[in-house]
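Subject: A structure for you to look at

Hello,

Here is the structure I promised to pass on. Please have it open while you read my notes underneath.

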Amino acid sequence: MIHTVKHPVPDTPFSTPLLYSTPSSSSSGRSSDTDESPATSFRYDFQDLKFKILNVPASSFHSYKLLANLSGHIGSVSCLALCGEFILSASQGKDIIVWQQPDLRQFTKFGQGEGSVKALVTAGNKVFTAHQDSRIRVWKISRNSENLFRLVDTLPTTKDYLGKFMKQSNYVQTRRHHKRLWIEHSDSISCLAVSNGLIYSGSWDKTLKVWRMSDFKCLESIKAHDDAINGLVASNGIVYSASADGKIKAWGKEVRNTHSLKGILEGHRDISLNSIVVSEDGSLVYGGGSDGYIMGWLGNRNFDSWRVICEMKAHKMAVLCMCLMGEFLCSGSADKSISIWKREINGSLFRTMIIKGHEGPVKCLQASPTRVGGGFMLYSGSLDKSLRVWWVPNYCSTAQITSSIDGTPRISTVSV
């Protein structure tokens with residue numbers, strides 16, 4: 001049951017429609033903005049991988065294929081990003097590994113600082129990395145340099161600091177007897193998104209910050225949630241933030257790059273939302289929760305008619321990450337498995353296969369937009385310190401898993 005009510009939001013001078021859903025019980029990014037052509041373009045052919053993909057009978061449940069199990073990280077793989085011909089996987093601060101396709105060999109390493117890298121996002125010829133030390137690092141990709149990934153700045157920038165540190169009104173209370181400049185995150189940055197010349201960063205400090213890509217200046221800091229922000233997606237002019245407070249909030253850009261709250265989607269009570277994905281047209285939003293559920297909402301840009309269209313017990317344990325690939329949704333979990341879901345026209349989901357192989361929780365997923373041999377490439381990073389490369393077929397319609405949470409999967413034949 002869904003109710004639309006007026007709900008006051010802290011630090012917001014107007015009311016916002018709140019969308020509730022009755023629970024049945026009790027989850028990186030790219031940009032079209034480029035200041036230069038990417039130094040890494042798709043000059044190779046994914047068809048080179050065809051020799052590795054077996055002709056699996058369409059009736060087989062285990063119709064996916066493990067192409068590679070890549071090791072080399074000293075810690076858990078925390079995030080992934082596609083960057084032209086490269087796959088970037090991150091672990092510790094100095095442990096961002098660049099893998100080159102199609103042979104999937106380790107090309108180089110780069111990084112800086114201590115603690116884990118929490119998020120990676122690419123935009124044109126730049127890579128942005130978010131770190132446990134509450135800073136964002138900007139790397140420039142250049143084929144003309146021996147150092148392919150070169151550190152060019154750290155956010156907040158020194159210029160930003162110098163312009164604000166003298167004025168007391170620029171300081172905010174972060175905890176008792178401790179203040180920081182409002183341009184600084186006071187806890188780990190957990191997620192990044194890039195859109196329309198802006199960089200968005202979400203943090204465990206509950207704030208959402210907005211940075212201008214042209215000069216890396218911090219434009220805005222929003223007290224966005226009542227708990228840690230775990231996921232960000234920018235889509236069609238709207239930025240969506242998912243939080244441990246169980247809410248997804250939608251932020252719309254106003255004049256002078258300021259943002260206002262447009263709507264709130266409520267997940268299960270007292271359940272953290274760990275990941276979020278949004279359909280290309282912005283009409284479907286899916287959130288993955290710590291209770292193992294995936295919830296989906298269908299609506300419009302005005303956030304005046306959103307409704308819950310699916311509520312699936314997706315995994316035995318928490319959903320940690322999700323990604324979209326066309327009509328498919330992929331989810332990774334603390335139960336060490338990956339589920340592949342087919343999206344119906346109305347936004348509902350049915351599971352088509354379960355991928356197993358990781359020896360630890362699946363922390364991050366990334367799908368390649370390039371179709372290969374009647375399927376697509378899926379990359380998964382895990383707390384087992386490995387990056388795995390899978391081929392997932394498009395003909396998943398032959399076997400639908402109707403139940404797999406409480407025992408042996410039951411498979412029924414469907415037609416698509």
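Below are the conventions, then the chain as a whole, one sheet, one residue in it, the salt bridges and a surface patch.

First, the conventions. This is a predicted model, in which local features need pLDDT of at least 70 and side-chain atom pairs count only at pLDDT 80 or more, while totals for chains, interfaces and linings use all residues. Residues are numbered from 1 along each chain as its sequence is written, and side-chain values use heavy atoms, with hydrogens and water left out.

**The chain**

The chain has 1 helix and 34 strands; helices (H or I, at least four residues) and strands (E, at least two) are DSSP runs, numbered from the N terminus. Of its 416 residues, 56% are buried, where buried means under 20% relative accessible area, exposed means over 50%, and partly exposed is in between (1.4 Å probe, protein chains only). The accessible surface is about 17,700 Å², and carbon and sulfur atoms account for 48% of that. Accessible areas come from the Shrake-Rupley method with a 1.4 Å probe, and for residues only the protein chains shown count as cover.

**A four-stranded sheet**

The sheet I would like to walk you through is open and has 4 strands, in the order β3-β32-β31-β30, with antiparallel pairing. Two strands pair if DSSP finds at least two bridges between them. At the edges are β3 (65-70) and β30 (362-372), each of which pairs on one side only. Neighbouring strands in this sheet are turned by 20 degrees against each other on average, direction ignored; the axes are lines fitted to C-alpha atoms, and angles run from 0 to 180 degrees between N-to-C directions.

Going across the sheet from β3, that strand is joined to β32 (residues 387-393) by 5 bridges, and the two run antiparallel. Leu 70 has Leu 387 in β32 as its bridge partner. Next, β31 and β32 are joined by 7 bridges, again antiparallel, with Gly 375 partnered by Pro 393 in β32. These two strands form a hairpin with 4 residues between them, and Lys 385 in the turn has a positive phi of about 75 degrees.

At the other side, β30 and β31 pair in the antiparallel sense over 7 bridges, and the bridge partner of Val 362 is Ser 382 in β31. This pair is a hairpin too, with 2 residues between the strands and a positive phi of about 50 degrees at Gly 373 in the turn. Why is β31 largely enclosed by the rest of the structure? Because 8 of the 8 residues of this strand (residues 375-382) are buried.

**Gln 366**

One residue of β30 to click on is Gln 366. Its C-alpha atom is separated by 7.6 Å from that of Leu 82, although the two residues are 284 apart along the chain. Leaving out residues up to four places away in sequence, Gln 366 touches Leu 80, Ala 81, Leu 82, Cys 323, Met 377, Leu 378 and Tyr 379; contact means heavy atoms within 4.5 Å.

**Salt bridges**

The structure holds 8 salt bridges, each being a side-chain nitrogen of Lys or Arg within 4 Å of a carboxyl oxygen of Asp or Glu. Here are three of them:

- Lys 109 and Asp 95 have their closest N and O atoms 3.4 Å apart. The pair links distant parts of the chain, 14 residues apart: Lys 109 is in strand β7 (residues 105-110) and Asp 95 in the loop between β5 (86-90) and β6 (96-100). Lys 109 is partly exposed at 38% relative accessibility, whereas Asp 95 is buried at 2%.
- Lys 164 and Asp 160 have their closest N and O atoms 3.0 Å apart. Both residues lie in helix α1, 4 residues apart, about one turn of the helix. Lys 164 counts as buried at 10% relative accessibility, and Asp 160 counts as buried at 5%.
- Arg 212 and Asp 215 meet through their side chains at 2.8 Å, N to O. Arg 212 is partly exposed at 28% relative accessible area, and Asp 215 is partly exposed at 36%.

**A nonpolar patch**

Which residues form a nonpolar patch on the surface? They are Leu 162, Phe 165 and Met 166, with about 360 Å² of accessible area together. Patches are made of residues with over 30% relative accessible area and no salt bridge, with like charges joined within 9 Å and nonpolar side chains (Val, Leu, Ile, Met, Phe, Trp, Tyr) within 5 Å. Phe 165 lies in the loop between α1 (158-164) and β12 (171-175), and this residue is partly exposed, with a relative accessible area of 39%.

Best wishes
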